[in-house]
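Here's a quick look at two helices and the pocket they share in the model below. What lines the largest pocket, and which residues are buried?

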Amino acid sequence: MVDLLLIALVFVAILFPFVVVPEILERAGYDPKGRLVRIVVWACFLILVLLPAALSGFLATVTSPVDWLILFFAIAFAMLWEYHRLHPVEFP
């Protein structure tokens with residue numbers, strides 16, 4: 001039962017920011033591929049992922065600076081990759 005709940009929460013953490021939030025902002029008149037919408041999407045995703053980790057104390061147990069650098073670069077790479085995928089003509 002706990003595994004099923006965990007899988008459901010992972011789906012929510014991915015689908016809500018990347019599907020529901022852009023749809024809501026598009027209906028409000030924003031471009032779903034625009035910078036503002038992408039910033040809101042990634043902020044929602046990071047809040048949904050990092051806030052429970054921080055509240056449970058998991059983030060405090062990560063003490064290696066290398067682990068934090070890997071996390072930072074992985075998130076930055078994912079953001080840039082998505083932005084490039086949405087705007088292929090802006091990059092050579």
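H2 has a kink of about 25° at Leu-50, shortly before the proline Pro-52. A bend here is the angle between axes fitted to the seven residues ending at a residue and the seven starting there. This is a predicted model, so to speak of local features takes pLDDT of at least 70, and side-chain atom pairs count only at pLDDT 80 or more, while totals for chains, interfaces and linings use all residues. Residues are numbered from 1 along each chain as its sequence is written, and side-chain values use heavy atoms, with hydrogens and water left out.

H1 is kinked too, and the two helices (DSSP runs of H or I, at least four residues) line up like this:

| Helix | Kink | Site | Proline shortly after |
|---|---|---|---|
| H1 | about 45° | Phe-16 | Pro-17 |
| H2 | about 25° | Leu-50 | Pro-52 |

Buried (under 20% relative accessible area, 1.4 Å probe, protein chains only) residues of H2 are Val-37, Arg-38, Val-41, Trp-42, Phe-45 and Ala-53. In H1, Ala-13, Pro-17, Val-21, Pro-22 and Leu-25 are buried.

Just past H2, Gly-57 has a positive phi of about 95°; Gly-29, following H1, also has a positive phi, near 105°.

As for the largest pocket, its lining is Leu-9, Val-12, Ala-13, Ile-14, Phe-45, Leu-48, Val-49 and Pro-52. H1 (2-27) and H2 (35-56) each supply at least two of these lining residues.

Technical notes. 1 Å grid on protein atoms, 1.4 Å probe; cavity = no way out; pocket = protein on both sides within 12 Å on 5 of 7 lines; lining within 4 Å. Buried < 20%, exposed > 50% of the residue type's maximum accessible area, 1.4 Å probe, protein only.
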